[in-house]
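Thanks for coming. I will go through the cores, one pocket, one sheet and two backbone details, in that order.

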Amino acid sequence: MKNNIITLLLVVIIAINCDKAAEEVIIVTGSETMHVMMGAVADEYVKREPNVKVDVRGGGSLHGIRSLLENKTDIAVSSKELSEDEFSRLEFNKKQLEVLVIAYDGVAIVTNKANPAGKITYQQLADIYAGKIKNWQLIGGKNAPIDVVVRNDNSGTSAFFKTFILRKKYLGEKEYEKNKNIEYVNSAKTVATNEELASYLKNHPNAIGYMGMGSANVDNNGMVKVLQFSKTGKDPYMLPSPESVFKRQYKLNRALYMIYKPDHGLKLDKFSTFVMSKDGQKVILEKGYLKSAMKQVEVKGTVEE
Amino acid sequence: MESLLKKLNEHRELKRFLDRNKMTLSMGISFVLQMLILFFWFTPDISFSKNLDELVQEVAFIDSLSIKEPADVKTEDGDFELTDKQKEEKEDPRAAGAQDVIIAGATSPIDMSPSVKPEYTSEAKAAGVTGTVTLEVIIADTGEVLRARVVGRQLGYGLDESASRTFRNKRFSPSILEGKPITVKVLIPVRFTLN
């Protein structure tokens with residue numbers, strides 16, 4: 001009797017573990033810009049691989065990179081390029097890290113829906129965020145103080161904005177060297193996510209912020225107003241979209257990255273191949289970002305008898 | 001008779017003692033032997049007087065040596081010719097400076113031979129293997145391909161090599177930025193399907 005009970009318990013334990021072992025988990029952590037997009041890609045992937053669970057977490061690009069360093073995530077997604085220091089800390093040698101551009105983004109400058117200001121140039125944006133332009137009237141809006149909103153320190157978008165807009169790396173290395181100590185205006189409010197930003201903009205008519213074009217045009221469609229952007233004021237003012245980024249018309253663009261250590265064709269490599277495939281890239285387009293892969297090459301063969 | 005029995009008993013007791021403590025006795029004997037060897041057979045020479053002068057002279061001689069690189073000598077691989085894989089790893093330096101097409105604002109490169117596609121290997125067909133590989137392709141400012149490698153999952157059965165080899169031999173019209181051709185990196189998915 002005792003032996004039968006033990007045997008039964010063993011069978012139950014083995015059965016439970018077999019079921020658990022069948023399900024693989026992939027953890028993706030990082031960019032809030034890429035959060036919803038990666039969630040959608042993951043949903044498509046698990047339809048094809050029902051034994052895989054993809055757990056997509058936000059927290060910001062820098063949080064994703066830190067998590068990868070600490071082996072707390074399988075994949076880091078980042079809306080900013082890896083710095084030299086981050087790169088050297090992450091890779092042991094050049095063959096041990098894959099950094100793939102999986103999409104492109106045009107950073108959208110967003111305001112409350114009722115804001116009458118419609119356009120902004122690169123210089124105006126830099127001056128607003130440095131606290132040099134303080135009133136909407138100076139850029140075609142009403143007479144009201146500009147309520148500046150930034151993302152927190154974990155944000156890749158914030159890092160990109162600070163480097164390329166505030167510190168003027170957009171104008172070249174010399175300009176960046178002159179301005180590299182400039183910080184956001186003291187009065188800037190800080191938010192953690194794009195949802196928080198959209199909510200703040202809705203309730204604060206004089207606020208201005210920035211987010212990925214997918215966040216602005218798809219996830220928060222109808223909740224925020226997107227300003228037209230011109231680099232110099234003399235080139236055309238454009239709204240960010242996959243088309244305007246593809247045609248190189250929208251100038252405030254950046255790459256979106258997926259960073260991981262290849263696992264020799266196992267779960268991570270399989271997932272990354274899906275992200276870069278026609279089906280994966282289609283999801284990226286549907287979420288409002290520009291796909292990065294070139295047109296898929298089709299090779300057809302005939303089954304040999 | 002009694003004394004004989006007594007002796008036999010003592011012998012048995014000794015044997016039992018030895019059997020029970022075999023390991024300990026062996027280790028003890030080994031330790032004693034090692035100590036004997038250490039103290040009586042090996043004694044380092046601690047006299048420096050004559051050797052130090054010779055050592056100083058030797059160091060001075062080595063310091064004065066200078067190794068000169070041979071000038072204008074072409075190295076020949078001879079019996080140690082690089083394998084194809086090693087030659088591939090000696091990459092064109094332009095590859096390191098490859099730019100991103102969209103971020104640079106350059107035009108997209110165009111495949112000059114779009115009808116040239118990777119071979120579907122007979123092993124893959126026989127095994128019924130299908131799927132997609134992603135190629136990372138670096139296209140030089142001259143239009144030649146500097147690198148074509150599979151990133152992500154590999155399909156095996158020669159398909160990955162077929163894809164990378166085909167693209168390695170392609171020519172593209174290069175990306176143009178502000179009127180000048182540049183070296184760029186692109187990602188190209190290649191899907192193999194069987195009818």
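**Cores, a pocket and a sheet**

The largest nonpolar core has 77 residues, and those with the most contacts inside it are A:Met38, A:Ile102, A:Leu125, A:Tyr129, A:Ile208, A:Leu252 and A:Phe271. By nonpolar core I mean a set of buried Ala, Val, Leu, Ile, Met, Phe, Trp, Tyr and Cys residues joined through side-chain atoms within 4.5 Å. Buried is under 20% relative accessible area, exposed is over 50%, and partly exposed is in between, with a 1.4 Å probe and protein chains only. Apart from that core lies another, of 27 residues, among them B:Ala106, B:Val133, B:Val150 and B:Phe167.

Before going on, the ground rules. This is a predicted model: local features need pLDDT of at least 70 and side-chain atom pairs count only at pLDDT 80 or more, while totals for chains, interfaces and linings use all residues. Residues are numbered from 1 along each chain as its sequence is written, chains are lettered from A in the order in which they are written, and side-chain values use heavy atoms, without hydrogens and water.

Back to A:Ile102. Leaving aside neighbours within four places in sequence, A:Ile102 is in contact (heavy atoms within 4.5 Å) with residues including A:Met34, A:Met38, A:Leu256, A:Val275 and A:Ile284.

Next, the pocket. Which residues are closest to the centre of the second largest pocket? They are A:Arg48, A:Phe274, A:Ser277, B:Thr132 and B:Arg153, out of 14 that line it. A pocket here is an open set of points on a 1 Å grid over the protein atoms alone, where a 1.4 Å probe fits, with protein on both sides within 12 Å along at least five of seven lines; lining residues have an atom within 4 Å of a point. H11(A) gives the most to this lining, with 3 residues. Helices are DSSP runs of H or I with at least four residues, and strands are runs of E with at least two.

Now the sheet. An open sheet of 5 strands in chain A has the order S8-S7-S9-S5-S10, with mixed pairing; strands pair if DSSP finds at least two bridges between them. Strands S8 and S10 of chain A stand at the edges with a single partner strand each, so one side of each is left without a neighbour in the sheet. S5 and S9 of chain A run antiparallel and are joined by 4 bridges, with A:Ile109 opposite A:Tyr210.

Last, the backbone. A:Asn71 is not a glycine, yet its phi is positive, near 55°. A:Asn71 counts as exposed, at 64% relative accessibility. B:Glu178 also has a positive phi, of about 50°, and is exposed at 77%.
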